[in-house]
Amino acid sequence: MASYDVIIIGSGPGGYVSAIRCAQLGLKTACVEGRDTLGGTCLNVGCIPSKALLHATHMLHEAEHNFADMGLKGKTPSVDWDAMLAYKDKTVGQNTGGIEFLFKKNKVDWLKGWGSIPEAGKVKVGDEVHEAKHIIIATGSEPAPLKGVEVDEETVVTSTGALKLKKIPKSLVVIGGGVIGLELGSVYARLGSEVTVVEYLDAITPGQDAEVARQFQKLLTKQGIKFVLGAAVQGVSVKNKKATVSYKMRKDDAEAEITADTVLLATGRRPFTDGLGLSDLGVALSDRGQIEVDGSYKTNVDGIYAIGDAIKGPMLAHKAEDEGMAVAEMLAGQKPHVNYNVIPGVIYTHPEVGSVGETEETLKKAGRAYKVGKFPFLGNARAKANHAGDGFVKILADKETDRILGAHIIGPMAGDLIHEICVAMEFGAAAEDLARTCHAHPTYSEAVREAALACGDGAIHA
Ligand code: NAI
């Protein structure tokens, strides 16, 4: 038995970041992880492997569609699927190995195995019970099941199975037009699969600024992805390795079916807290299975904290990281704060989508007077040179004060560009502050400045 100041259960972005920060702040720290490698869903079967496949297939798309126009003539590359999967696995290995290195460097003990909490102050891993003044639950989430859909991770897959299909399917039906469905749908569409997204709502990417969502759907349609919107999936049946998805149109109850080689279930995730012993401990959960915490990430049981996907809020790696750092700093006696109004969201398709803060819809609902500054990438010289003129930057600012309330970017490097606006929002900036900041030419970031200019006297290149 070992004794620690902090034991963190789970080594995803929430858990491993928290562990490193705890150790940096002088707390004796251990992190429990049952997988063979550190990094949780994000590094092993989520963000990182999907980004490797998105990058590789984007390169293929460029070679197929834009190389010749730039004078790059020659045979279009052919796809060696096993080699592409090996590249993805190598990327994952480099990242998970990196966390192991950081744990050693910061003297965080990795307790290998699945952890449970027999009582406050104790964490059991295998046959060993360790003591901890503080326990942080960072056990993340798992794909939410859907009634009538049985996942076998071969024909009917979640994101986990979709990252290691034995071969590229001729046809793929994606259930759910959210982030996972569109990212992985893009990967397979670029690889030549016929991809159909069946989405319950009348628009893709729920919660997204509606104008961006519409433009996004248009661009993905141009890339060959088909959409069936307003359709509630009723079930999936598998026969001879083919899957048939049955759905009902919400507007008139009309029933229809679609058959494909592979079906990806991407209708959301739910907190993963199995095996921790929370009900015996009396840790309060919400009706959606989220661990209830207060503003300091404390559960209702003394000495037990929770962060990340296991609690309320967007299921995003960076939100979990911020909470992980905050709880560590709090345990070390500091007074951290996570600003939930400035948590960016990014969809890593091409073009990318990056958003932060309020949407037009949330502002209208709140009855807040706002103005819109918009700038198309077609007016941006760098984007034109790079075949990346699709999309726009949209900044929403308070009508009276000009304070930036939100921003939505669909276009090249949107996931990076959005952070300039996040920093501005953290500093309570006005659109004019961005507009008066010199931006290097020619860069995509000039489109952000132009959108900020459009909140005032007008953009120059529009
Ligand atoms: P999501 O919540 O983003 O989208 C699920 C979609 O499925 C919704 O549009 C919903 O309306 C639809 N749906 C639900 N039931 C349905 C039914 N019966 N028939 C048809 N459609 C139905 O969930 P997703 O894509 O599974 O992602 C899970 C979580 O992982 C999200 O919180 C997401 O933010 C996170 N994630 C984030 C990534 C990123 O930041 N780039 C990448 C991948 C996942």
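What distance separates the centres of domain 2 and domain 3, taken over C-alpha atoms? In this predicted model, the answer is 29 Å. To place those two domains, start with how the protein is divided: domain 1 takes in 3-143 + 270-331, domain 2 covers 156-266, and domain 3 runs over 345-454. The rest of this walk stays with the pair formed by domain 2 and domain 3.

Let's look at how the two meet. Domain 2 brings 17 residues to the contact, and domain 3 brings 19 residues. Between them, about 1,500 Å² of area is buried, with 58% of that coming from carbon and sulfur atoms.

Now for the charged and polar pairings. The count of salt bridges between domain 2 and domain 3 is four. If you want a salt bridge to pull up in your viewer, try K394 and D209: their side chains meet at 2.8 Å, N to O. Polar contacts are worth a look too, since the rule picks out eight residue pairs across the interface of domain 2 and domain 3, with both residues of each pair at pLDDT 80 or more.

Which elements build the side of domain 2 that touches domain 3? Two helices to check there are α6 (179-190) and α7 (210-222), each supplying at least two residues. The largest share comes from α7, with seven residues. Sort that side of domain 2 by class and you get six nonpolar, six polar and five charged residues.

How values were computed:
Residues numbered from 1 in each chain as written. Predicted model: local features only at pLDDT ≥ 70, side-chain atom pairs only at ≥ 80, totals over all residues. Heavy atoms only, no water. Domains from an automatic or database assignment. Contact = heavy atoms within 4.5 Å. Buried area = accessible area lost by both parts, 1.4 Å probe. Polar contact = N/O pair within 3.5 Å; in protein donor to acceptor, adjacent residues only side chain to side chain. Helix = DSSP H or I, 4+ residues; strand = E, 2+ residues; numbered from the N terminus. Nonpolar A, V, L, I, M, F, W, Y, C, P; charged D, E, K, R; others polar.
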